[in-house]
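Trainee: Please take me closely through one part of this model, the packing of its helices. Then carry on from there into the interior and the loops.

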Amino acid sequence: MKDPKLLDLYSDYLLASFRMATATGLSELTDQALSHDKISRFLGQEEFSSKDYWRCIKPLVRKVEHVNAIIKIDDTIEEKPHTTENEVICWHWDHSKKPKAGLTKGINILNFLYHSPLGIEIPVTYEIVRKTEQYVDVKSGKVKRRSPRSKNEMVRDQLFVLHKYNRVPFRYVVWDTWFSSKENFDFVHRTLEKHFIGALKSNRKAALCLEDKLEGKFHRIDGLELQAGQAITVYIRGLDYPVQLIKQVFINKDGSSGDLYLVTNDLDLDAPTICTTYDKRWGVEVFHKSLKQNVGLEKSPTKHETSQCNHVFAAMVSWTKLELLSLKEQSNHFALKNKLYVKALRAAYDELQSLKGYISKIGQPNLSHTPLLR
């Protein structure tokens, strides 16, 4: 790994900073002990690899790993609307945009958040989507970018590395409807021999018994007589093994209700446990919010691909530091970041009073009528 000491310093800088994260800003913070050029070279010379990331977090993972851990999978987009488009910074479909999903320009990051029963969460790996191929869209006639690998393929590749090579123990993999493909289900069930809990779209079809499956009698899951909180064993179309299906009913902020269908290959789980286990998936959404707001994921003005990717790497390390500090202080990420802000504000206020004292010593003419300048 290149210059781990500078990585440690830069990730601390991201944690302490409240503005854009720049090489100049870090240089000023160290009173020019580190030059702007050295920091820029650190970010731009060589890209950190997934092996580098694993070496950073491996000691911590080994301390908190557990056979009943959960790996929560989701992606997020680091928005870069004003940066020149390249293989990393490009247009991605963003289904989280409300009230209507659409395209967002930025860096698409696929995250794997490890939830240990020992009370800590760690991003054990991540992958940046690279759209290296260009093609002409038939409908619009415009040149667009695409990745040679789908995000579902990336999910399977990263899970395989975590399981086989990094030897990370876990029991469940949880994800939303985006990743609930037949290939992902089969991979977790057969290749990894682990359990999944995933959300299904309401138009997925299921057979109520093996006989119905063999006869091709499938029904939309939203048409099944399934009560809220009730788990039934079904055969999802495309899967040749039984799974448990459960319906959750939730209330939206506007008072309307919605249905969420969950499926798992763990036939020993009861309905409440399926729900509470899947509900832990929400932690990955909080992780994304903290990553953007507390450790400056979206606050790097660098334009080059390597620099941007290394900034993402440092932000992941910085977030893990924040998680450890939060556990130590028994506080959440946002409260701890606010504590740092108040401390910084107090230091700035004290410096201001010192400067005002200096002004009063040298004297200012004609200020007696201005009570604010004493």
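Mentor: What follows goes from the helix packing to the core, then to single buried residues and loops.

The model is predicted, so a caution comes with it: local features need pLDDT of at least 70, side-chain atom pairs count only at pLDDT 80 or more, and totals for chains, interfaces and linings use all residues. Residues are numbered from 1 along each chain as its sequence is written, and side-chain values use heavy atoms, with hydrogens and water left out.

Start with helix H3, residues 36-44. Helices here are DSSP runs of H or I with at least four residues, strands are runs of E with at least two, and both are numbered from the N terminus. The buried residues of H3 are Ile-39, Phe-42 and Leu-43. Buried means under 20% relative accessible area, exposed means over 50%, and partly exposed lies in between, with a 1.4 Å probe and protein chains only. Down the axis of H3, these buried residues fall within an arc of 95 degrees, so they line one face of the helix. The arc is taken over the directions from the helix axis to the C-beta atoms. As background, an α-helix has 3.6 residues a turn, so residues three or four places apart point the same way.

What does that face pack against? The partners of the buried H3 residues are helix H1 (4-16), helix H2 (23-29) and helix H10 (305-329).

Take H10. H3 and H10 pack at an angle of about 90 degrees, and their axes are 7 Å apart. That makes H3 roughly perpendicular to H10. Axes are lines fitted to C-alpha atoms, for helices over the stretch in contact, and angles run from 0 to 180 degrees between N-to-C directions. Under 35 degrees counts as roughly parallel, over 145 as roughly antiparallel, 65 to 115 as roughly perpendicular, and the rest as oblique. On the H3 side, Phe-42, Leu-43 and Gly-44 meet Thr-306, Ser-307, Asn-310 and His-311 of H10. Contact means heavy atoms within 4.5 Å.

H1 also meets H10. Their axes come within 8 Å and cross at roughly 70 degrees. H1 and H10 are therefore roughly perpendicular to each other. The crossing is right-handed: the near helix is turned clockwise from the far one by less than a right angle, where anticlockwise would make it left-handed. H1 contributes residues including Leu-7, Tyr-10, Leu-14 and Leu-15. H10 answers with residues including His-311, Ala-314, Val-317, Leu-322 and Leu-325.

Now the interior. The largest nonpolar core has 80 residues. Such a core is a set of buried Ala, Val, Leu, Ile, Met, Phe, Trp, Tyr and Cys residues joined through side-chain atoms within 4.5 Å. H10 supplies the largest share of it, 9 residues. Tyr-10, Ile-73, Phe-112, Leu-159, Trp-175 and Leu-245 have the most contacts inside it. Leaving aside neighbours within four places in sequence, Ile-73 touches residues including Leu-110, Phe-112, Val-155, Leu-159 and Trp-175. Another core, of 12 residues, lies apart from the largest one. Among its members are Ile-70, Tyr-172, Val-174 and Ile-197.

Two buried residues deserve a look. His-288 sits in helix H9 (residues 282-293). It is buried, at 4% relative accessible area. Not counting residues up to four places away in sequence, His-288 touches Asp-74, Asp-75, Thr-76 and Asn-111. Gln-248 belongs to strand E12 (residues 243-251). It is buried too, at 17% relative accessibility. With the sequence neighbours up to four places away again left out, Gln-248 touches Gly-258, Asp-259, Leu-260, Leu-262, Cys-275 and Asp-279. Cys-275 is one of the buried residues of helix H8 (residues 271-279), with Ala-271, Ile-274, Thr-277 and Tyr-278. Those H8 residues fall within an arc of 165 degrees, so they line one face of that helix.

Finish in the loops. Gln-32 lies between H2 and H3. Its phi is near 65 degrees, a positive value in a residue other than glycine. Gln-32 is exposed, at 53%. Glu-193 lies between helix H6 (182-191) and strand E8 (195-200). Its phi is near 55 degrees, also positive in a residue other than glycine. Glu-193 is exposed, at 66%. Thr-83 is in the loop between strand E1 (70-79) and strand E2 (90-94), and it is buried, at 9%. Beyond its neighbours within four places in sequence, Thr-83 touches Ile-89, Lys-105 and Lys-303.
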